[in-house]
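User: Please take a close look at one part of this model for me: the place where the two chains meet. I would like one connected account.

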2 protein chains.
Amino acid sequence: MNAEIIAVGSELLLGQIANTNAQFISARLAESGINVYYHNVVGDNEERLLQTISTAEKRSDLIIITGGLGPTKDDLTKETAARHLSCSLSYDMESLKAIEQYFLQTGTEMTENNKKQALVLEDSTVFFNFHGMAPGMLKSAEGTTYLLLPSPPREMKPMLVNQVLPYINDQKTENNSIHSRVMRFFGIGEADLESRIEDILSEQTNPTIAPLAEDGEVTLRITAGSSDLKEAESLVNHMVTVIEDRVGQYCYGYDQNNLLQKISLLLEQKGLSIASAESLTGGLFSSEIASIPGASHYLSGGITVYSNKAKQAVLGVPEDLLEQYGAFSCECAESMAQQVRIKFDSHIGISFTGVAGPGDYNGIPEGTVWIGVSVKEGIVSSFKVTLKGDRNFKRIRAVKHGMYALIQLIEKNAGPLVKQDS
Amino acid sequence: MNAEIIAVGSELLLGQIANTNAQFISARLAESGINVYYHNVVGDNEERLLQTISTAEKRSDLIIITGGLGPTKDDLTKETAARHLSCSLSYDMESLKAIEQYFLQTGTEMTENNKKQALVLEDSTVFFNFHGMAPGMLKSAEGTTYLLLPSPPREMKPMLVNQVLPYINDQKTENNSIHSRVMRFFGIGEADLESRIEDILSEQTNPTIAPLAEDGEVTLRITAGSSDLKEAESLVNHMVTVIEDRVGQYCYGYDQNNLLQKISLLLEQKGLSIASAESLTGGLFSSEIASIPGASHYLSGGITVYSNKAKQAVLGVPEDLLEQYGAFSCECAESMAQQVRIKFDSHIGISFTGVAGPGDYNGIPEGTVWIGVSVKEGIVSSFKVTLKGDRNFKRIRAVKHGMYALIQLIEKNAGPLVKQDS
């Protein structure tokens, strides 16, 4: 089954938002073994949308259209799809009732245009919208399946995952199983990684190997297809072992477990608590950790100290240390990590200090970052990394280096990172 | 001039990344008065890319292709464009020299595939890549202009802004001026906003008015075209005044100045320093503020306190207050804001506490958030908001409510937010 995605909305063509819906839908379809060969974006324009649907119909079995289901005048998707399919629109009574109820409950007047959201394609399968007003719908005609989804991600994502995909998977008659694994690397560049497995990459057929570099991490997605799922899994697992033999020392995790997921899981499993002292990163480390549900089990907290004054007064870094070595030093990073661990009475303290830029600072090049780690047994350590890219890329990379160091520390319970308290 | 964007990369079709390049390019082109009518994404597949370029050629004057310029085997964009244009590829010597130099300097061996990055379309205008290896290029043929750009955003963005757009603007012969302004709203829903200006929206021709809702903010983009730039500006300004008359009380800013930019600017201009005490948001507020260059002028720092123990021990919230009212209360929010302001000796303290979810906590519904603000004159205040959406959406919304409250506080120097110290 070959799919393509059409996103409708002038806001996408004006660059006001990115098409993250296409990303989410593609990832879910890939997991279900459905190939996506094209993404398209068109504006709120009936003729151009009609033309795009016609082109898609000639090359794809499943056409997913997001957006344009709302109440306003420029929402034209259902009308255009009906025109393409030569069918009519009718009210979905369950959706209409829910819309009317919403306005009753909130005590606001229901404007007439809101009713339009309950219109659906004649004879389509309707997906009730549990997080908004406009329902989704699926209709097959002449060998092509059309799926219309609302564009707000909060509405589209649960509808796709909980309602649409189970429905589509029930309908599938093919016996084609796909299995896929993602290997995650840190500390090695994409070109370097690829050149080390060049022979494997050039011979790939089944499984296929797709490299991707993003924000300083590199991933390899290994995908195999077979009529038997067990066979597909075995093909993937064998390839993972072959690649691990070559570059396993840089592979820190698999599948959805990126650096953040992995360190969160490790802290939870080992019953370790952590506190952060952040200068350069400004709270990004603790905020990232806090973004995972259940973070309160291991995140004690953190202190963001942006000035030397605050490093002394709030964090308790000794004045003479700051005078002798400055805030951009191993000594300061180690003191920050130790102080924050003690203040929060946590197992681990981590710190980030350095020059985010733009511009160098007192002769220290932009992008120089010191990361300190302190653990309860009185061991403290630090390391320096030099990062490139814009201000926020450097902040993100710094946080990732910190997470990677913590993973190594916890998994190996030692490693080059940890030295005696200085 | 009508443009369309083709992004090449199987990672996009697999949903591993979002097509943020198309967003960035579209926004910059819109500013330059170039209409973008289509986005396309195709995989690393020569036939499908060729077909997509052929379709684009029939409907667009400018075709921008991102990606597929790299060193690996699946990078096929230049080869495919050359095939479409029936032209050859040759080495750009400046790029080739820079690539060779890079490997010399870093002391790593240059693999043969890296040389491929210096190949460019015959007779094209070459844009040197100051942040990577593969150059960009522009070539016109039979009334269509082809622009090839590298896909890493760190390379593409500065190349587009600093090299390509100045070049294109120099070439433009049309006398068509476009002026555009964005009005930014908070505290009003999209449907509510639209219904209040429905008559204006339905009559729009020039200027056009494009509404957009994102992360709890709503924007209206007002765009006018004219042969005279002054005339276009005047059309836009008049419409802004008309809309302000209706819904001006919800409009907090214009153009690039979103809530974060606006509060940062205000703090800088007024010489005010700020510190944050964050429970629910886990450092997201301070991290957001720190993401703006120059944040050290006004961000004193912040304390993330995830447990009651830390709220007492690190932040100094009184134990009896926590016992009497609990961590999820106005009293706790106000104490947190006051304590952090005092600790950092800053002009303003802001705090966030509440239930991020998933799930309710001790009968307090998920999404209930208390925000406290304390200012140097001893005035402290707080308010409660109830937020919907997933964990991170709630955290982001909470931070935005805090920023909006601070903007009101600073701009009005009073307002309903501020009451006497309790």
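Analyst: Start with the contacts. In this predicted model, 72 residues of chain B are in contact with 72 residues of chain A. Together the two chains bury about 5,900 Å² between them. Carbon and sulfur atoms give 57% of that area. Three residues stand out on the chain B side: B:Leu13, B:Gln16 and B:Tyr306. They supply 10% of the area that chain B buries against chain A, more than any other three residues.

Now look at the polar side of the interface. Between chain B and chain A, 29 residue pairs are in polar contact, counting pairs with both residues at pLDDT 80 or more. Sort the residues of chain B that touch chain A by class, and you get 28 nonpolar, 30 polar and 14 charged.

Next, the charged pairs. The structure holds 24 salt bridges over all chains. Between chain B and chain A the count is 3. Take A:Asp345 and B:Lys309, which form a salt bridge with their closest N and O atoms 3.7 Å apart. Why does this pair join two chains? A:Asp345 sits in the loop between helix 14 (330–344) and strand 15 (348–354) of chain A, while B:Lys309 belongs to helix 12 (residues 308–315) of chain B, so the link runs from one chain to the other. There is also a salt bridge between B:Asp345 and A:Lys309. Its closest N and O atoms are 3.7 Å apart.

Strands meet here too. Strand 14 (residues 299–305) of chain A pairs with strand 14 (residues 299–305) of chain B. The two run antiparallel, and 5 bridges join them. Pick out one residue to see the pairing: A:Gly302 has B:Thr304, in strand 14 of chain B, as its bridge partner.

Follow chain A past strand 15, and you come to a backbone detail. A:Pro358 lies in the loop between strand 15 and strand 16 (368–375) of chain A. The peptide bond leading into this proline from A:Gly357 is cis, with omega near 0°. Chain B offers a cis bond as well, between B:Asn206 and B:Pro207, with omega about 10°. B:Pro207 is in the loop between helix 8 (198–203) and strand 10 (208–214) of chain B.

To recap the meeting place: the chains share a buried area of about 5,900 Å², 3 salt bridges, and a pair of antiparallel strands, one from each chain.

Definitions and conventions: Residues numbered from 1 in each chain as written. Chains lettered and ligands numbered in written order. Predicted model: local features only at pLDDT ≥ 70, side-chain atom pairs only at ≥ 80, totals over all residues. Heavy atoms only, no water. Contact = heavy atoms within 4.5 Å. Buried area = accessible area lost by both parts, 1.4 Å probe. Salt bridge = Lys/Arg side-chain N within 4 Å of Asp/Glu carboxyl O. Polar contact = N/O pair within 3.5 Å; in protein donor to acceptor, adjacent residues only side chain to side chain. Nonpolar A, V, L, I, M, F, W, Y, C, P; charged D, E, K, R; others polar. Pairing = 2+ DSSP bridges. Helix = DSSP H or I, 4+ residues; strand = E, 2+ residues; numbered from the N terminus.
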